[in-house]
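Hi everyone, thanks for coming. Please take a look at the structure on the screen, and then we'll walk through it together.

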Amino acid sequence: MGKSSNVSSDEDKRKKDEEKRLRKLLETPEEKRQRRLEKKLKKEAKKKAKESVDKEDETFFGYSNTDNPFGDSNLREQFTWNKKLQRDSQLGIDQERITAERERIRREELRREIDKVKKRREEREIERQRWEEERARLAREREGVNYLDWEKKEDVFQLQQAHARSEIRIKEGRAKPIDIIAKNLHLDKDFDIEMNEPYKIFKGLGVGEIEQLKKDIGMHLELDESNNDFWQAMMVVCEDELEHAVAQESGGNGARMPGVHPTVEQDVMNLMRGKSAQQLVELQDHILHTINSGDAGDVEYWEALLRKLSVSKAKATLRDMHAQLLTARLNQLHEQQLSEMAARADAVLPTRSARD
């Protein structure tokens, strides 16, 4: 049966070839040119279709027949089952249409699969970028923390060095004003505490000395965070004293409230003298209310009064702190005396025991 089918197929092919040869012999020169032109156009169309497929596949995969890592010039060629095509042709099946439809479906499926791969790749890239950004952020945070730790340690070291230099100057009898202030603040057991409030250190200092003391106070204000309120108050008083000293040195009357009569200035100073920090805060609120209400006749006077009030508040704060330091120093001395008495008692008891 199979042999008979093959013979019949060969006979049909022979007949078709014979008919084709006879048509070529009988065709006119015009028909010949037309036939060759149609053949050429079909060949060019097939070539363009093949190039289009190669280009589309290259878009999908990044490879082509001329450019691939496998050295295969027929990489994009589709396998053709010729025997099956011949059989389908005999059965009247339009294999080309079926093949084209299958190819279209295959390419659509392939396109969807490649889109999924691209999407997963893009998602992985976005995730990688997020991870890199998070890692960089954590690295910056670690660097920031390390820098803050280093900066804090550096401040502690600088403050310790300043205390050491201060102790050396005091022991050698060449203490600076800042040394006197610092030794009181830190209750150094090796030195006696000053009984006067710290802001009285400015008395008798010239402009140059006050300017130097201002720099020293600024250094402690920056480094000594645990005593920030103390150094802030000292800075307020220092700036007021410096302004007063410069005015005196330049030939002025050294008034602490410029534009205000000295008698009135003295009355204001007497008003503020001896008041606690809380009382001065209440007075400040009253002055601000007077200015904001529009009832203040001489605004410059009230503004000068506010400036003077800020200095008085700083001095009141320093007085309170100084009183606390004196109390702490007394307790310190009392504990020291008790320790010495206990040590002497312990030294006497062994001696009595030995005599007995």
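Let me start with a question: which residues make a nonpolar surface patch of about 340 Å²? The answer is Leu22, Leu25 and Leu26. One of them, Leu25, sits in helix α1, which covers residues 2-26. Leu25 has a relative accessible area of 60%, and because the cut-off for exposed is over 50%, Leu25 counts as exposed.

Before we go on, please keep in mind that this is a predicted model.

Now for the overall picture. The protein has 10 helices and zero strands, so if you read the elements from the N terminus on, you meet α ten times over in the order α-α-α-α-α-α-α-α-α-α. Out of 356 residues, 23% count as buried. The protein exposes about 26600 Å², and carbon and sulfur atoms supply 52% of that area. As for contacts between residues at least 6 apart in sequence, 58% join residues at least 24 apart.

Let's go inside. In soluble globular proteins, nonpolar side chains tend to be buried together. Here, the largest nonpolar core has 25 residues. Phe202, Ile217, Trp231 and Met234 have the most contacts inside this core. Two or more residues each come from α5 (177-185), α6 (207-223), α7 (228-249) and α10 (299-355). Which element gives the largest share of this core? That is α7, with nine residues.

Try clicking on Phe202. Leaving aside residues up to four places away in sequence, Phe202 touches Ile210, Leu213, Ile217, Met234, Val237, Cys238 and Glu241. There is also a second, separate core of eight residues, with Leu280, Ile287, Leu305 and Leu306 among them.

Helix α5 deserves a moment too. Seven of the nine residues in α5 are buried, and the helix is mostly covered. The buried ones are Ile178, Asp179, Ile181, Ala182, Lys183, Asn184 and Leu185.

Next, the aromatic rings. The count comes to one aromatic pair, and the partners are Phe230 and Trp231. Their rings are edge-to-face, 5.1 Å centre to centre, with 85° between the planes. Are these two residues buried or exposed? Phe230 is buried at 4% relative accessibility, and Trp231 is buried at 0%.

Finally, salt bridges. The count here is eight, and I'd like to show you three examples.

In the first example, the side chains of Glu125 and Arg128 meet with 2.6 Å from N to O. These residues are three apart in helix α4 (residues 95-171), so about one helical turn separates them. Glu125 is partly exposed at 33% relative accessible area, and Arg128 is partly exposed at 41%.

Next come Glu132 and Arg135, whose side chains form a salt bridge at 2.8 Å, N to O. Both residues lie in helix α4, three residues apart, about one turn of the helix. Glu132 is partly exposed at 29%, and Arg135 is partly exposed at 41%.

The last example is Lys176 with Asp216, where the closest N and O atoms are 3.5 Å apart. This pair links distant parts of the chain, 40 residues apart: Lys176 is in the loop between α4 and α5, and Asp216 is in helix α6. How do the two ends sit, buried or partly exposed? Lys176 is partly exposed, with a relative accessible area of 28%, whereas Asp216 is buried, at 11%.

That's the tour. Thanks for listening, and feel free to spin the model around yourselves!

Methods:
Residues numbered from 1 in each chain as written. Predicted model: local features only at pLDDT ≥ 70, side-chain atom pairs only at ≥ 80, totals over all residues. Heavy atoms only, no water. Core = buried A, V, L, I, M, F, W, Y, C linked by side-chain atoms within 4.5 Å. Buried < 20%, exposed > 50% of the residue type's maximum accessible area, 1.4 Å probe, protein only. Helix = DSSP H or I, 4+ residues; strand = E, 2+ residues; numbered from the N terminus. Contact = heavy atoms within 4.5 Å. Patch = residues over 30% accessible without salt bridge, like charges linked within 9 Å, V, L, I, M, F, W, Y side chains within 5 Å. Areas by Shrake-Rupley, 256 points an atom, 1.4 Å probe, with all protein chains shown as cover. Salt bridge = Lys/Arg side-chain N within 4 Å of Asp/Glu carboxyl O. Phe/Tyr/Trp six-rings, centres within 6.5 Å; stacked < 30°, edge-to-face > 60°.
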